[in-house]
Amino acid sequence: MNKILTIAKREFNTFFDSLIAYIMVVVFLGFSGFFTWLFGADVFLRGQASIAPFFDIAYWALFFFIPALTMRMLAEEQKSGTIELLLTNPVTDWQIIFGKFLACLALVGITLLFSLPYYFTAAWLGPVDHGAVWVGYLGILLMSSAYIGIGLFSSSITNNQIVAILLALMLNLLFALLFGFLAQATTGGWMANLFDYMSLRVHYDSMIRGVIDTKDIIYFLSITGFCLVLTEAMLSKRNVVD
Amino acid sequence: MNIRVESLVKKYGNQRAVDGISFEVKSGEIVGFLGPNGAGKTTTMKIITCYMAASEGDVKVGNYSVREDAAAIKQCIGYLPEHNPLYLEMPVIEYLQFAASIQGVAKSNINARVREMVKVCGLDKEKHKRIDELSKGFRQRVGLAQAMIHDPEVLILDEPTTGLDPNQIVEIRELIRRVGEQKTVILSTHILPEVEATCDRIVIINDGKIVADGVPSELRKQASGAEISRVRIEEGMPNEVFQQLSSISTVELVDLSGTDNLYEVKSKQGLSSRRAIFEMCVKNQWILTELTPIERDLEDVFRNVTMG
């Protein structure tokens with residue numbers, strides 16, 4: 001556990017050294033704040049104390065931001081050779097992966113902390129469905145961990161950061177959009193159900209409505225777990241004896 | 001802690017990068033691992049440090065085997081990989097603290113270890129800089145400090161001096177010698193004077209196989225065989241000197257180097273002609289101003305065993 005935290009701390013500091021953390025916080029808050037309070041279907045237009053627009057924006061903002069966080073995590077280590085140093089230390093592949101995962105999740109968590117004033121402001125303006133907001137936040141975190149899993153896996157298969165981010169965006173798109181389209185295009189039958197279940201949007205929407213369904217939680221956690229297992233497989237590929 | 005490499009094989013597809021290597025490094029020895037590029041040095045080191053799995057064979061570090069006790073081995077090995085990878089965006093001190101913590105150095109001990117490494121590796125003036133602001137020589141010191149931060153019993157250094165200027169090479173070499181007094185060290189290189197200056201023993205590999213193994217002086221003797229001396233004889237007529245030299249019974253070949261009364265005299269296998277040369281000069285009242293044994297150096301050994 002100690003070593004996971006050591007790795008996480010180093011990665012976390014790197015976010016702040018490389019400005020990416022500041023950019024993430026500022027742009028994420030600016031973007032979501034703009035659409036929550038000032039533009040489009042904002043709070044005042046709806047005449048309703050709700051931060052639903054915030055959750056809509058977070059869905060797409062994290063879609064882009066998380067691959068930007070994860071793209072260098074393993075690709076750069078493989079390119080510069082530091083992965084060799086890391087792996088010849090007494091740490092396991094899993095400790096490295098969890099450390100990196102945790103660092104990303106912590107940065108997302110901190111960004112979300114800064115968005116809490118939106119919620120407090122809305123609560124000051126009128127009656128807010130408190131349960132829905134907190135479950136929504138949980139939903140964002142779960143969705144983020146799925147995106148982080150996808151991002152880490154993409155980063156593990158290449159030593160080129162551009163390839164890593166493009167692959168991550170492509171996979172994200174599959175879950176965020178394409179499975180939804182496919183579910184609509186397939187009329188009925190088990191195929192439609194499958195695509196519907198695979199679509200990230202469906203599970204996210206149900207969470208931001210304030211519904212805690214184990215099905216949704218299992219969905220997010222299994223994407224995360226599956227991607228991390230694949231990441232570990234890519235890392236330990238060096239050990240395969242042919 | 002000793003290291004025993006036992007008929008190690010590593011295959012990349014059809015290519016056998018390491019092909020049945022066996023050797024032993026005793027506790028406290030500094031062994032130079034030599035070979036042309038692509039001979040399999042780095043691969044062997046990656047296997048010893050448990051970064052890669054071997055296809056066949058085994059490596060034992062102390063009583064641990066890389067196949068079963070990787071975690072224990074990683075703890076007692078300090079490793080400086082080829083090209084010295086570092087987290088360039090980190091400051092030196094912070095990086096060493098990270099390295100110590102990930103090596104499992106106790107929290108209360110980390111700062112003391114970092115201070116000691118900064119002192120041992122001569123990083124005092126640069127310790128607050130970021131690693132990417134350091135010159136190559138200092139980066140190499142940071143790499144060495146990182147490898148030794150947990151006070152390992154075994155040090156594996158993959159080409160620790162490539163790309164350094166001559167002064168830095170001497171400094172790093174001294175550093176290795178100094179720390180190598182209490183540790184078992186394997187260092188790979190293709191710079192030959194380096195091995196002679198730092199190592200107790202040399203293992204030369206080529207095409208994944210060991211082609212020579214021994215102490216430097218022994219290898220040199222093996223390669224040269226016959227005694228060769230450079231002789232300068234003054235006062236005599238070159239032709240006459242040449243003839244007399246050739247007629248000495250132990251001399252096999254005399255080479256006239258042309259100018260300055262210089263001759264190269266090769267003796268027959270296992271024999272020495274230096275006394276006879278001296279006596280000949282006394283007898284003819286010639287003046288012997290130089291009699292230098294020409295030693296075959298390691299470069300010749302290296303070329304002999306890795307080519308052809």
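Helices (H or I, at least four residues) and strands (E, at least two) are DSSP runs, numbered from the N terminus. The model is predicted, so local features need pLDDT of at least 70 and side-chain atom pairs count only at pLDDT 80 or more, while totals for chains, interfaces and linings use all residues. Residues are numbered from 1 along each chain as its sequence is written, chains are lettered from A and ligands numbered from 1 in the order in which they are written, and side-chain values use heavy atoms, without hydrogens and water.

Select first the open sheet of chain B, whose 6 strands follow the order β6-β7-β8-β3-β9-β10 with mixed pairing; two strands pair if DSSP finds at least two bridges between them. At its edges stand β6 (77-80) and β10 (209-214) of chain B, each with a single partner strand, so one side of each has no neighbour in the sheet. From one strand to the next, the twist averages 15°.

Next, select β3 (residues 30-34) and β9 (residues 201-206) of chain B, which run parallel and are joined by 4 bridges. Within β9(B), Ile204(B) is the bridge partner of Leu34(B).

Then display helix α5 (residues 136-148) of chain B, which packs on the sheet and touches β6 and β7 (154-158) of chain B; contact means heavy atoms within 4.5 Å. The direction of α5 makes about 160° with that of β6(B), where axes are lines fitted to C-alpha atoms, for helices over the stretch in contact, and angles run from 0 to 180 degrees between N-to-C directions.

Finally, select Asp207(B), in the loop between β9 and β10 of chain B. Asp207(B) is not a glycine, yet has a positive phi of about 50°. Its relative accessibility of 57% makes Asp207(B) exposed (buried is under 20% relative accessible area, exposed over 50%, partly exposed in between; 1.4 Å probe, protein chains only).
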